[in-house]
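Work through the exercises below with the sequence and the model side by side. Each task is followed by a solution in steps.

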Amino acid sequence: MYYINRQAFVKARFNLLPMLVLGIETSCDETGVALYHTERALLGHVLYSQAALHADYGGVVPELASRDHIRRVLPLTRDLLAKTGCTVGELDAIAYTEGPGLAGALLVGASIAHGLAYSLGVPALGLHHLEGHLLSPLLSRPAPEFPFIALLVSGGHSQLMRVAGIGDYELLGETVDDAAGEAFDKTAKLLGLGYPGGPALAQLAETGRPGRFRLPRPMLTSGDLNFSFSGLKTAVLTLIAQQAPDERGRADIAAEFEAAIVDVLVGKSLTALGRTGLKQLVVAGGVGANRLLRERLSAAARKKAVDVFYPEMEFCTDNGAMIAFAGALRLQKTGPRIENRGSTAFSVRPRWELEDLVAPPD
Ligand code: KG4
Ligand code: ZN
């Protein structure tokens with residue numbers, strides 16, 4: 001996929017120096033590679049999903065994921081370079097996902113990024129995966145202005161953040177148990193749907209009727225900005241045991257489940273906006289691809305004169321573009337870290353709180 005000159009505005013906004021950044025994402029089950037040029041915008045990105053590889057196991061098998069990333073990263077990079085007409089010699093920096101994620105999978109991206117950077121004498125920059133998701137709406141038009149509220153809903157995280165600038169993230173609330181995407185995936189499994197469960201459940205829900213069965217809206221009125229989704233999954237398990245639903249019943253349960261999660265995400269997002277007085281909401285992470293969530297959020301926001309920003313569908317789930325982009329923004333602020341050139345030492349951070357990120361200097 002190619003995007004030439006779509007983000008000329010980014011240059012003006014961040015006053016960027018010309019720089020070509022290769023982004024590598026290997027934190028879970030998608031190998032993503034992208035080229036971002038600070039003057040010419042996103043030149044292209046390629047993605048390989050391992051969904052079929054893990055489907056038989058009903059979830060991601062970490063060792064298989066690492067091995068497949070090894071197989072894919074370099075061919076994908078070669079493919080991307082050829083399609084965009086760029087050469088490795090033109091790269092000014094390489095950004096990669098340093099964490100959080102699966103340790104072995106992260107190590108593949110980190111070692112390739114550092115090996116390539118070492119051989120080219122350019123810096124390698126480790127990025128926080130969620131920072132990539134948080135900043136990904138800035139790749140789309142129209143883009144939000146700092147500060148904004150971000151609803152980050154992925155397979156591993158459900159958080160509401162106040163985003164004041166690059167690296168300036170304040171956690172307002174988060175899940176106390178399962179993440180929203182995890183709840184989708186686990187409930188999909190209970191409904192006999194394959195992996196990955198979120199999109200499959202959403203598709204089944206399209207044919208169902210919410211309200212026929214009633215599920216709770218956990219913590220909707222808790223007064224804080226935290227979430228809890230594991231009880232919903234248990235409630236679905238109980239419903240299935242009681243009802244032994246047929247195909248239509250399963251679709252109705254899926255629809256009610258989706259409606260329950262969406263009600264909570266919309267309710268808490270509005271509360272976060274109300275409390276901070278901000279008027280822009282950014283939705284990031286894989287669950288941001290959910291159609292019902294988008295519809296409901298947009299409708300609720302309209303009533304409150306709030307603007308909602310979504311990354312394009314292909315940038316909602318994991319991808320290399322968000323890493324190349326976030327890497328370019330950070331490198332522009334810190335300057336290429338000279339000491340990093342020629343360094344062979346690197347590490348990954350399978351567990352890494354977004355709040356521990358340090359903002360680059362102004
Ligand atoms: O951001 P992402 O690609 O990976 C993580 O960083 O976790 O998010 C993946 C999650 C999965 O749990 C997947 O089921 C969920 O996003 N997801 C969806 C939809 N598309 C992806 N959940 C609900 N509806 C969708 N349409
Ligand atoms: Zn992700």
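A helix here is a DSSP run of H or I with at least four residues, numbered from the N terminus. The model is predicted.

**Exercise 1. Pairs along one helix**

Task: Find the salt bridges formed by E63, D68 and D79, and say how far apart the partners are in sequence.

Solution.

Step 1. Set the cut-off: a salt bridge needs a side-chain nitrogen of Lys or Arg within 4 Å of a carboxyl oxygen of Asp or Glu. Side chains of opposite charge can pair when their charged atoms come close.

Step 2. Take E63. Its side chain meets that of R67, with N to O at 2.8 Å. Both residues belong to helix α3, which covers residues 62-84, and they are 4 residues apart, about one turn of the helix.

Step 3. Take D68. Its partner is R71, and the closest N and O atoms are 3.0 Å apart. D68 and R71 are 3 residues apart in helix α3, so about one helical turn separates them.

Step 4. Take D79. This residue pairs with K83, with 3.1 Å between the closest N and O atoms. D79 and K83 are 4 residues apart in helix α3, so about one helical turn lies between them.

Step 5. Look beyond these pairs. R214, R217, E256, D263 and R296 are joined into one network by salt bridges that share partners. The structure holds 18 salt bridges.

**Exercise 2. Buried or exposed?**

Task: Sort E63, R67, D68, D79 and K83 as buried, partly exposed or exposed.

Solution.

Step 1. Set the cut-offs: buried is under 20% relative accessible area, exposed is over 50%, and partly exposed is in between.

Step 2. E63 has 45% relative accessibility, so it counts as partly exposed. R67, at 48%, is also partly exposed.

Step 3. D68 has a relative accessibility of 3% and therefore counts as buried.

Step 4. D79 is partly exposed at 28%, and K83 is partly exposed at 48%.

**Exercise 3. The zinc site**

Task: Which residues coordinate the zinc ion (ligand 2), and which parts of the chain do H133 and D318 tie together?

Solution.

Step 1. List the donors. They are H129 (NE2), H133 (NE2) and D318 (OD), at 2.0 to 2.1 Å.

Step 2. Write their spacing along the chain, which is H-x3-H-x184-D.

Step 3. Place the pair. H133 lies in helix α5 and D318 in the loop between α11 (313-316) and α12 (321-334), so the pair ties together parts that are 185 residues apart in sequence.

Step 4. Check the accessibility: H133 and D318 are both buried.

**Exercise 4. The largest pocket**

Task: Describe the largest pocket by its volume and its lining, and say where it lies with respect to domain 1 and domain 2.

Solution.

Step 1. The space in the largest pocket is about 1300 Å³.

Step 2. The lining has 48 residues, and the closest to the centre of the pocket are S154, G155, G156, G181 and D185.

Step 3. Two or more lining residues come from each of the elements α5 (129-135), α6 (180-190) and α7 (197-206).

Step 4. By class, the lining holds 18 nonpolar, 19 polar and 11 charged residues.

Step 5. Domain 1 (2-135 + 316-356) and domain 2 (146-310) both contribute to the lining, so the pocket lies between them.

**Exercise 5. Backbone details**

Task: Which peptide bonds, ending at P147 and P196, are cis, and where do these prolines lie? What is the phi of A41 and of A244, and is each residue buried or exposed?

Solution.

Step 1. The bond from F146 to P147 is cis, with omega near -5°. P147 sits in the loop between α5 and β6 (148-153).

Step 2. The bond joining Y195 and P196 is cis, with omega about 0°. P196 is in the loop between α6 and α7.

Step 3. A41 is a residue other than glycine with a positive phi, near 70°. A41 belongs to strand β3, residues 41-49. Its relative accessibility is 0%, so A41 counts as buried.

Step 4. A244 is not a glycine either, yet its phi is positive, about 40°. A244 lies in the loop between α8 (230-243) and α9 (247-276). At 63% relative accessibility, A244 counts as exposed.

Methods
Residues are numbered from 1 along each chain as its sequence is written. Chains are lettered from A and ligands numbered from 1 in the order in which they are written. This is a predicted model: local features need pLDDT of at least 70, side-chain atom pairs count only at pLDDT 80 or more; totals for chains, interfaces and linings use all residues. Side-chain values use heavy atoms; hydrogens and water are left out. On a 1 Å grid over the protein atoms alone, a cavity is a set of points where a 1.4 Å probe fits but cannot get out, and a pocket is an open set with protein on both sides within 12 Å along at least five of seven lines; lining residues have an atom within 4 Å of a point. Grid points are joined across faces, edges and corners, and a volume is the space filled by probe spheres set on the points. Ala, Val, Leu, Ile, Met, Phe, Trp, Tyr, Cys and Pro count as nonpolar, Asp, Glu, Lys and Arg as charged, and the others, Gly among them, as polar. Domain bounds come from an automatic or database domain assignment. Donors are N, O and S atoms within 2.8 Å of the metal (3.2 Å for Na, K and Ca); water is not among the atoms, so sites may look incomplete. Buried means under 20% relative accessible area, exposed over 50%, partly exposed in between (1.4 Å probe, protein chains only).
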